[in-house]
Amino acid sequence: MRGGGVWGFCGAMTRFRFAPIPAALPATVPFTGPEALERRRGAPFRARLGANENGFGPSPQAVAAMARAAEEVWKYGDPDSHDLRHALAAHHGVGPENIMVGEGIDGLLGLLVRLMVAPGEVVVSSDGAYPTFNYHVAGFGGRLVKVPYRHDAEDPEALAAAAHRHGARLVYLANPDNPMGSWHPGRRIEAMLYALPETSLLVLDEAYAEFAPSDAIPRIDAEDGRVIRFRTFSKAHAMAGARIGYAIGPAELIAGFDRIRNHFGIGRIAQAGALAALGDADWLAHVLAETAAARARIAAIARDNGLAALPSATNFVAIDCGRDGAFARALLDALAQEGIFVRMPGVAPMDRCIRVSCGPEPEMAALAEALPRALGALC
């Protein structure tokens, strides 16, 4: 076939062809955005409680910093994120060479998989864990091996055992966990490092670390070659729309990102906002207090409707619907009809739950009003 084209619909010759790995993949996205769902239903949601966004908002200092930076948006962002990297290093007590800033944890996960996983190499994760990581593994030709959750939590020992059986390059674990909100004490994560094979790197997703009890955060040296950790400004700092997060890891591994990353991927506005947010401890404390109150509110709403809220160390609550996945999905759809956007785990037995993000009181009140009607519609 001349020119490397492929035959398209109706026998017509196309001018392009996909590379082998993406050509073999379905055209899917890990999550359907709430905006797409609103377009389908022809109306906005009354309560946006499905994406684990922080409805309490970013630091006013961050908003002001981003407004000032907007006046210089004609400039590219600093490709080294110098000021932010140094501030993050001081915040975590590590060197700036141990920090890599990127387009949220999602973007950094994609870079890590590209950097570390050759086509056909094994990556271990939990069945039902954060699907965007799996999306990247598939996109770069890795082979996923999944282990089940245990008691609604990821199972560090099972993950390590699977890594030994399959010679895994990467092992993914979120602590606290999405979608269940569960968490492990830091000492259990520390013990997991000793259980991994020497060829495996632990990918520790700590997107919700700020919401967790202090003893859930493991004590790990930044130069420990067995692990790379990920944090974000999307959750506790309420900057999901800015797309900015960072990795903490050994200097040699962090330097590897420079081989493949988009060096101008983080704009000036996001860098300025993140730097200001990092310095506003009072606002962060306010958000954490509001989130804790909202978790209790969601639990009370669930209880009032004969449902059970699972313990959570995040800014969302998994609500056990007491039935199976089909019932939970029907409830999800019924809530959408009421204008309430929530999501649910995709794998049994966790799919007996719906997952509700914490939010301001007007959205909590909308949930409290809508949930009885949604449940009643299923009877």
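1. A charge sits over a ring if NZ of Lys or CZ of Arg is within 6 Å of the ring centre and within 35 degrees of the ring normal. In this predicted model, the charged end of Arg355 meets that rule over the ring of Phe316, at 5.5 Å from the ring centre. Another case is Arg226, which lies over the face of Tyr194, 4.3 Å from the centre of that ring.

2. Aromatic rings also pair with one another in this model, and the count of such pairs is 7. One of them joins Phe31 and Tyr130: the ring centres are 5.9 Å apart and the planes stand at 35 degrees, so the pair is tilted. The two residues come from distant parts of the chain, 99 residues apart. Phe31 is in the loop between helix H1 (20-23) and helix H2 (34-41), whereas Tyr130 is in the loop between strand E3 (122-126) and helix H6 (131-139).

3. Are Phe31 and Tyr130 buried or exposed? Phe31 has a relative accessible area of 32% and is partly exposed. Tyr130 is at 14% relative accessibility and counts as buried, because the cut-off for buried is under 20%.

4. Phe233 and Tyr246 make another tilted pair, with 5.9 Å from centre to centre and 50 degrees between the planes. Phe233 belongs to the loop between strand E7 (227-232) and strand E8 (245-248), and Tyr246 to strand E8, so the pair ties together parts 13 residues apart in sequence. Phe233 is buried, at 1% relative accessible area, and Tyr246 is buried as well, at 2%.

5. The structure as a whole holds 2 cavities of 30 Å³ or more. The largest cavity has about 40 Å³ of space. Its lining consists of Met100, Val101, Gly102, Glu103, Leu108, Leu111, Arg261, Asn262, Gly265 and Ile266. Strand E2 (99-102) and helix H5 (104-116) are the elements that give two or more residues to this lining; E2 gives the most, with 3 residues. By type, the lining of the largest cavity divides into 5 nonpolar, 3 polar and 2 charged residues.

6. The second largest cavity has about 30 Å³ of space. Which residues line the second largest cavity? They are Pro79, Asp80, Ser81, Arg85, Met100, Val101 and Arg261. This lining divides into 3 nonpolar, 1 polar and 3 charged residues. Met100, Val101 and Arg261 are listed in the lining of the largest cavity and also in that of the second largest.

Conventions
Residues are numbered from 1 along each chain as its sequence is written. This is a predicted model: local features need pLDDT of at least 70, side-chain atom pairs count only at pLDDT 80 or more; totals for chains, interfaces and linings use all residues. Side-chain values use heavy atoms; hydrogens and water are left out. Rings of Phe, Tyr and Trp (its six-membered ring) pair if their centres lie within 6.5 Å; planes under 30 degrees apart count as stacked, over 60 as edge-to-face and the rest as tilted. Helices (H or I, at least four residues) and strands (E, at least two) are DSSP runs, numbered from the N terminus. Buried means under 20% relative accessible area, exposed over 50%, partly exposed in between (1.4 Å probe, protein chains only). On a 1 Å grid over the protein atoms alone, a cavity is a set of points where a 1.4 Å probe fits but cannot get out, and a pocket is an open set with protein on both sides within 12 Å along at least five of seven lines; lining residues have an atom within 4 Å of a point. Grid points are joined across faces, edges and corners, and a volume is the space filled by probe spheres set on the points. Ala, Val, Leu, Ile, Met, Phe, Trp, Tyr, Cys and Pro count as nonpolar, Asp, Glu, Lys and Arg as charged, and the others, Gly among them, as polar.
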